[in-house]
Amino acid sequence: MIRLGVNIDHVATLRNARGELHPNPVKAAKYVKKAGAHSVTIHLREDRRHINDFDAKKICSIKKLLVNLEISTNPKIVNIALKIWEGLSQELNYNVMFSQRGVMNLAHNLQDVRDLKRRTHANRLNGIDAVYLNTEQVKKFCPIINTSQDIRYPVLGGTLQRRAGTARHDAVAWGYARGADEMGVDIIQNCEVKGIKRNGDTVEGIETTKGFIKTNKIGVVAAGHSSVIANMAGLRLPLESKPLQALVSEPVKPVIDTVVMSNAVHAYVSQSDKGELVIGAGTDDYISYSQKGSHDIVEGTLNAILELYPIFSRMRMLRQWGGIVDICPDASPIISKTSIKGLYFNCGWGTGGFKATPGSGDLFAHTIANDEPHKLNAAFNINRFVSGDLVDEHGAAAVAH
Amino acid sequence: MFVINCPFCGEREQSEFKAGGEAHIVRPKQPTELSDDEWAEYLFMRKNIKGVQFERWNHAHGCRKWFNMVRDTSNDEIKAVYKMGEKPPIE
Ligand SMILES: Cc1cc2nc3c(=O)[nH]c(=O)nc-3n(C[C@H](O)[C@H](O)[C@H](O)COP(=O)(O)OP(=O)(O)OC[C@H]3O[C@@H](n4cnc5c(N)ncnc54)[C@H](O)[C@@H]3O)c2cc1C
Ligand SMILES: [Zn+2]
């Protein structure tokens with residue numbers, strides 16, 4: 001059945017702008033219901049510019065009316081992950097080179113400024129201590145940034161999350177692998193999954209290059225290749241796999257002690273402990289598993305990098321590569337059961353799944369063990385594409401795509 | 001980076017084009033008669049194939065026309081290019 005939902009948020013905006021009690025969003029919700037709508041949408045903004053707490057309470061108490069309350073879910077997972085990151089080296093007894101050097105996101109136009117301020121508020125509402133910086137503060141925090149206002153992408157400000165940072169991804173994989181191995185997990189290397197055996201709507205096992213493995217539960221965490229595995233089980237996912245590129249320079253002495261990102265120009269840069277600049281670009285718009293992206297994407301990124309950091313103009317790049325990122329239409333991940341019993345997917349992390357690894361891992365394990373999602377990943381089920389409850393949080397999740 | 005043979009303009013660099021995703025997804029004639037599952041299948045679910053894929057492209061910085069392409073997504077090799085409404089030249 002097709003259901004009708006009406007967004008009544010701006011009734012409140014209008015009321016607030018007038019500074020009167022009219023029009024009344026609670027009355028609007030009742031009208032909408034009377035006219036046959038099944039749900040209303042309200043957005044409890046951090047600045048309460050639309051609906052306020054009193055309206056929300058009243059509207060939620062209207063009987064038999066579904067309320068779609070827009071608040072953010074992504075940050076909770078990422079915040080859990082951050083807490084785990086902070087003690088991960090100790091827990092695994094393996095140095096994952098976790099370095100909380102801060103992550104700054106730059107704003108280059110007025111819309112960026114609005115979006116980033118909004119993200120800061122969304123973060124803070126979720127208990128994440130982000131701050132907004134003006135141009136001078138950006139310059140003070142990272143002196144090599146060119147903050148002149150006459151450049152193509154002038155820096156108008158930025159956000160800073162001081163506890164954010166970097167970790168060495170190989171070390172994370174190795175540390176986790178060793179920890180899991182010690183706990184009795186069998187890790188079978190160089191073993192490709194070729195097929196999923198189903199009996200009706202239940203899984204029975206997987207075919208691999210080393211033989212058949214019988215099991216009644218399969219957790220798939222195959223990132224860019226998630227759709228390939230899903231196709232083996234006769235399932236389709238709402239994903240597109242695209243190239244995402246990165247570059248690493250020759251090593252130099254310490255010059256940048258934080259991570260600076262810029263979503264508007266699709267460029268980010270940090271410096272590894274070995275002294276190499278690590279530069280990231282944006283995704284290509286076409287599907288590809290070729291593990292190489294197009295040249296103009298890298299060129300665009302380097303144009304922006306050079307304008308923002310003229311000091312890098314004579315750096316040489318040592319390596320450049322493309323990975324495959326699986327992107328959901330709403331830019332949020334999937335940590336979910338499927339229509340096939342015993343088959344679970346953790347995918348759709350796109351360009352931003354590394355930071356969430358520990359949190360997403362814990363929640364996925366919970367989902368598989370209990371055959372039910374944890375309350376923190378319940379919203380990230382595949383069924384949201386059927387019900388329409390998309391988690392459209394480009395801002396709160398701070399993803400570039 | 002690859003070169004695309006636009007059926008209207010000829011060979012141009014890929015950077016002139018915009019990818020439009022999976023081709024030949026037929027819009028349901030009666031959306032109101034579909035179940036939520038069927039609508040989600042149409043709207044969101046994709047094959048996202050590793051291998052030979054049929055897809056739509058737009059010559060955005062050229063003639064701005066849409067056309068279809070058959071491409072191997074595992075190595076970006078283009079197998080065929082054909083106009084909208086034409087039958088795919090390969091199975
Ligand atoms: C260039 C680039 C830069 C990025 N930068 C960031 C960043 O700065 N911050 C961030 O948070 N995220 C970043 N990401 C995204 C992040 O890397 C991913 O979201 C994350 O690694 C996904 O983790 P995963 O464990 O889900 O999958 P992966 O780590 O990709 O693991 C999937 C595994 O599945 C295996 N596999 C696939 N098919 C099969 C099969 N048939 N049989 C057996 N095994 C199979 C693969 O070999 C792989 O080992 C970046 C990605 C790229 C490509
Ligand atoms: Zn053309």
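**Exercise 1. Describe the contact between chain B and chain A in this predicted model: how many residues does each chain bring to it, and how much area is buried?**

Solution. Begin with the residues: chain A contributes 29 residues to the contact, and chain B contributes 28 residues. Turn next to the area, since the size of an interface is often expressed as the accessible area that is lost when the parts come together. Between them, chain B and chain A bury about 2,400 Å², and 50% of this area lies on carbon and sulfur atoms.

**Exercise 2. Characterise the polar side of this interface, and state which elements of chain B supply the residues that touch chain A.**

Solution. Count the charged pairs to begin with: there are 4 salt bridges between chain B and chain A. One of these can be examined in detail, namely that between Arg236(A) and Glu22(B), in which the closest N and O atoms are 3.9 Å apart; this falls within the 4 Å cut-off that the salt-bridge rule applies. Widening the search to polar contacts, the rule finds 15 residue pairs across the interface, with both residues at pLDDT 80 or more.

Then locate the elements involved: on the side of chain B that touches chain A, strand S3 (18-22), helix H1 (36-43) and strand S4 (52-58) of chain B each supply at least two residues. Classified by type, the residues of that side comprise 10 charged, 9 polar and 9 nonpolar.

**Exercise 3. Take the salt bridge between Lys242(A) and Glu240(A), and decide whether its two residues are buried or exposed.**

Solution. The side chains of Lys242(A) and Glu240(A) meet with an N to O distance of 3.5 Å. The threshold needed here is that a residue is buried under 20% relative accessible area. Lys242(A) has a relative accessibility of 13% and therefore counts as buried, and Glu240(A), with a relative accessible area of 19%, is likewise buried.

**Exercise 4. Analyse the salt bridge between Glu372(A) and Lys337(A): where do the partners lie along the chain, how accessible are they, and which network do they belong to?**

Solution. The closest N and O atoms of Glu372(A) and Lys337(A) are 3.5 Å apart. This pair links distant parts of the chain, 35 residues apart, with Lys337(A) in strand S16 (residues 334-337) of chain A and Glu372(A) in the loop between helix H10 (357-370) and helix H11 (384-387) of chain A. As to accessibility, Glu372(A) is partly exposed at 44%, and Lys337(A) is partly exposed at 29%.

For comparison, consider a pair in the other chain: Glu77(B) and Lys79(B) form a salt bridge at 3.2 Å, N to O, with Glu77(B) partly exposed at 42% relative accessibility and Lys79(B) partly exposed at 40%. Returning to chain A, salt bridges that share partners join Lys337(A), Lys341(A), Asp371(A) and Glu372(A) into one network. Over all chains, the rule yields a count of 22 salt bridges.

**Exercise 5. Summarise the architecture of chain B: which elements does it contain, in what order, and how far does its C-alpha trace extend?**

Solution. Chain B holds 6 strands and 1 helix, and from the N terminus on these elements follow the order β-β-β-α-β-β-β. The C-alpha trace of chain B spans about 45 × 25 × 25 Å along its principal axes. Of the 91 residues in chain B, 41% are buried. Finally, among contacts in chain B with a separation of 6 or more, 45% are between residues 24 or more positions apart.

Terms used:
Residues are numbered from 1 along each chain as its sequence is written. Chains are lettered from A and ligands numbered from 1 in the order in which they are written. This is a predicted model: local features need pLDDT of at least 70, side-chain atom pairs count only at pLDDT 80 or more; totals for chains, interfaces and linings use all residues. Side-chain values use heavy atoms; hydrogens and water are left out. Contact means heavy atoms within 4.5 Å. Buried area is the accessible area (1.4 Å probe) that two parts lose on being put together, summed over both. A polar contact is a pair of N or O atoms within 3.5 Å; within protein, one must be able to donate a hydrogen and the other to accept it, and residues adjacent in sequence count only if both atoms are side-chain atoms. Helices (H or I, at least four residues) and strands (E, at least two) are DSSP runs, numbered from the N terminus. Ala, Val, Leu, Ile, Met, Phe, Trp, Tyr, Cys and Pro count as nonpolar, Asp, Glu, Lys and Arg as charged, and the others, Gly among them, as polar. Buried means under 20% relative accessible area, exposed over 50%, partly exposed in between (1.4 Å probe, protein chains only).
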